[in-house]
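Visitor: I would like a close look at one part of this model. Please take me through one chain, its domains and what lies between them.

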Amino acid sequence: MAEPKLAELIDLGERAVKVAVARGADEAEAFLSLNSGTSIDVERGQIVRSVKSVDEGLGVRAVYRKAVGFSYTNTLTDKSVEEAAERAFRAARASKPDENWVRLPSPRSFGETRGTYDKRIVDLSSDELVETAACMLGAVEAYDKRVLAVDGGVGTSMFSTVVVNSLGVEASDVGTAVACSMETIARDGADVTPACYEVSAERVYDIDAEGVGTEAARQAVSSLKAERIGSGVFPVVFAQAAFRSLLSYTLMNAVKADYVQRERSALKDKIGEKVASELVTVYDDGLLEGGLLTRRFDDEGVPSQKTLVIDRGVLRSFLYDSHSANKVGAESTGNASRTGVAAYASTPALEASNFRFMEGDRAAEELVGEVDEGLLVYGVQGAHSSNPESGEFSVVATPVWKIEGGEVAGAVRGVMLTGVVFDVLRNVSAFGNNVRQLGQLVAPWVRVENVRAVGR
Amino acid sequence: MRDILTKSVDYGRGLGAEYVEVRAQNLFKTLLTTKDGTVEGAKEGTESGAGVRALVNGAWGFVSLGNPDSKLLTEAVDEAVRLAKAASLRVKSAVKLAEVKAVEDRVTANPRKSPQDVSIEEKIGVALAMDRTVFGYDKRIKSCTISYLDVTGKDYFVNSDGACIEQDKLYVWSRILASARENSVYASAREEMGSTSGYEVFDAETPEKVGTMVAKRVVEQLKGKTPKGGSFPAVLGPNVVGVFMHEAMGHLAEADLTLSGSILYDKLGEQIASELVTVYDDGTVEGSFGSFKYDDEGVRTQKTPIIEGGTLTGLMHNRETAQKLNMKPTGNARAEDFRVEPIIRMRNTYLAAGDSSFEELVEDVDFGYYLKSFRGGQANLDGTFQVGIQEAYEIVKGKVGASVRNASISGNTLETLRRVDAVGRDFELWPGRCGKGQIAFICDGGPHIRVGEVTVGGGA
């Protein structure tokens, strides 16, 4: 993989800022990212492909009389960087003033991050990755011959990020990540299971490829012979993937300050109020050790921090980037993020970092063991069609199993779960102690009472 | 550019690759976002890069890079061949490609208005006019986000079979998202526009027309009731039929997913749907958001029948799956850009029109739902689908009645296709963006249809 070349990126960023200001910008910012990665892809039971990519580029924000212009390029030469800066300035001049614009972030000192870079990941050869993928595939095959490894793979990535602005911010960071994932189905005669999925993602080289294969296969086999159930109101235990889907399009947006300011959040005016069960404590922690979204600073150079969002059920804070913070005289919580095909091609938007639900003291088995009749839900389908403003959702649970007399029983199919995410949070009756991270969400299993299920 | 690409492909063959292809792109993008009448950012960007794919001993190696020159491309070909060899050590069933005619062609876009010729000021003006229309419609409307994107540029494709294709790229896309609130009721609605013809799409889809449509939809929802949960007859509008054909049916007929065990696996030639159901995936619809002339394996696009009179007759292929199933490539291999390899994607996917009027669809329904416009949809390989609905109405005693909010339907794709008992004679296509690891621009649609029974969830 390409070595980080931070000094070079910082030089280019400074040049872009200087050019934009020289042309007449009131303020300017350069964001540069360099991502490289290698992956081994598994499809339909075999390793079929090896992929390597390098993607680097620069995005420039220029502000002129409160109007913001942006331009990017993936050509990092002095000339193209200068052109991008000029184009950003021209775009600002062509645009309309943003009356809420105050200024770009000023320099602040950054906190420490731990467990976010591992040289072993940088040095991994593609041959070693092939062996890791083969090991995961072998575990699937060994588990049960009715299981098909539909799709999956192993991949490493390394990323360098630089932010420079005309107010004196000069920030740089490097990070690594490694992940392996496996999607399976099981087929027994005419009985086909829904897709099941397991993943392990880490910032340091510590993944259990064999465990991922075994678990993905176990889920598929135990999803065979699914039955329909009648409609009713049940206690439901949500595993992380299902919980994450439910929250991603609802709560995780509702706590963003821009949603609140634009009346798109049901949590508006609820600071200090009880919005969830007392068992619910949530931090947005951009400095979480080894967190997948951990970084020293956000994508506009504001220090990452740990923000208490919900404290024992009481809403304490929203999440801010500098724009939404400036609008109401608050401080940014370091939640600006550039997402999209390439970070450098995107302007900052407000996003949670590591969105962390504090664990309970019960083992996962106990959450299930206390349920007489209920459901264990590993995933939900259709969460992106939730009502983003009200938190109302209506999703298909899959894969999902019945809980009977405190034991996980047979698989279920065709059951929809409907409700409002804020009722779900109020009806939480227990958290497990099995915390893991999936994307932004860091959480254990959670049990929720009185969830409405629509079956046959 | 052509010479450099041809040289690197030849170099790859010299290294012993069975097949080599190089795709290169130069792209120019304009993006805009306005939020509640404020321009959040006027953005412009350039991207150039290449994706190199090599097939060696039945396995693939793929390398992507920015700013390819002759030297970097040669290194990338070396790397792709090396990666393919590493992957091939574990191959059980070697990848082979179906034969296709190697094409040399140059495809030019001929827009009446090129987005490149329209100033960013004018594009901002259109978005702000739409914003004013939305807010002017009703004071309960609280937010309006408008996104705009245009992409222009060139795609180059050269492979070791002798194909050499240069295609102009042109996309114009816009999305409008509005939310409204009245006391504790929140509602949201969205609409998308997209075209491969040119900026002239906004002459027909004026800011006033689109803005009013979205505003009306979101306000209508405020007084909507929540649906009863359970199984009901439903009339689906073209927009919902489209997302159903794309999400619930289409993905299962993408041959990579079919081979991965979707419920269509081993169903070719079988009656899987009501005989009223005929479905195409069609890359040839002029100017449509999912149309193009050659796919990213250099295969000519086509109108591919998937279901004809209820019988599964076709799948969507790339060269690899076509070979595996002994069928013909259909031109469905698409890559979002040079950063990623081509995979099987849909184009314009639709249900063919029938002969019923809208009144005929509705009049026999004693109690059911008219599902007019969707908010999102998703399906699983086992045929379980879910479609969220942003605009719905009750049907009571044969008449469309009160509006319903936050409905959602689910069921099994094949069971639902068998229950289609009437197909309308109208027809509409809707642009959208489909995610399958990569984003593809697509359209989907059809006529109004009636389904005897579908599970309706939603409400709280």
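Guide: The domain assignment splits chain B of this predicted model into domain 1, residues 2-222, and domain 2, residues 230-458. Taken over C-alpha atoms, the centres of domain 1 and domain 2 of chain B are 22 Å apart. Where the two domains of chain B meet, 33 residues of domain 1 are in contact with 30 residues of domain 2.

Consider the side of domain 1 of chain B that touches domain 2 of chain B. The elements giving two or more residues to this side are strands E1 (19-35), E2 (38-56), E3 (59-66), E5 (141-159), E6 (164-182) and E7 (185-195), together with helix H5 (207-222), of chain B. E7(B) gives the most to this side, with six residues. Sorted by class, the side of domain 1 of chain B that touches domain 2 of chain B holds 16 nonpolar, 11 polar and six charged residues.

Next, a helix within the bounds of domain 2 of chain B. Helix H6 of chain B covers residues 238-249, and 12 of its 12 residues are buried. Among the buried residues of H6(B) are Pro238(B), Val240(B), Phe244(B) and Met249(B), but also Asn239(B), His246(B) and Glu247(B).

Now the chain as a whole. Chain B has 10 helices and 22 strands. Its radius of gyration is 23 Å, close to the 23 Å that the globule rule gives for 460 residues, so chain B is as compact as a globular protein of that length. Along the principal axes, the C-alpha atoms of chain B fill a box of roughly 70 × 55 × 35 Å. Of the 460 residues in chain B, 58% count as buried. Among contacts in chain B between residues at least 6 apart in sequence, 74% join residues at least 24 apart.

That leaves the nonpolar cores. In soluble globular proteins, nonpolar side chains tend to be buried together. Here the largest nonpolar core has 275 residues, and those with the most contacts inside it include Ala178(B) as well as Leu58(A), Ala16(A) and Val377(A). Helix H2 of chain B, residues 70-88, supplies the largest share of this core, nine residues. Leaving aside neighbours within four places in sequence, the contacts of Leu58(A) include Leu12(A), Ala16(A), Leu32(A), Tyr72(A), Leu76(A) and Tyr344(A). A second, separate core has six residues, including Ile121(A), Met158(A), Val178(A) and Leu293(A).

Key. Residues numbered from 1 in each chain as written. Chains lettered and ligands numbered in written order. Predicted model: local features only at pLDDT ≥ 70, side-chain atom pairs only at ≥ 80, totals over all residues. Buried ≥ 20, exposed ≤ 12 C-beta atoms within 10 Å, placed from the backbone. Helix = DSSP H or I, 4+ residues; strand = E, 2+ residues; numbered from the N terminus. Domains from an automatic or database assignment. Contact = placed C-beta atoms within 7 Å. Nonpolar A, V, L, I, M, F, W, Y, C, P; charged D, E, K, R; others polar. Core = buried A, V, L, I, M, F, W, Y, C linked by C-beta atoms within 7 Å. Rg over C-alpha atoms; globule rule 2.2 N^0.38 Å.
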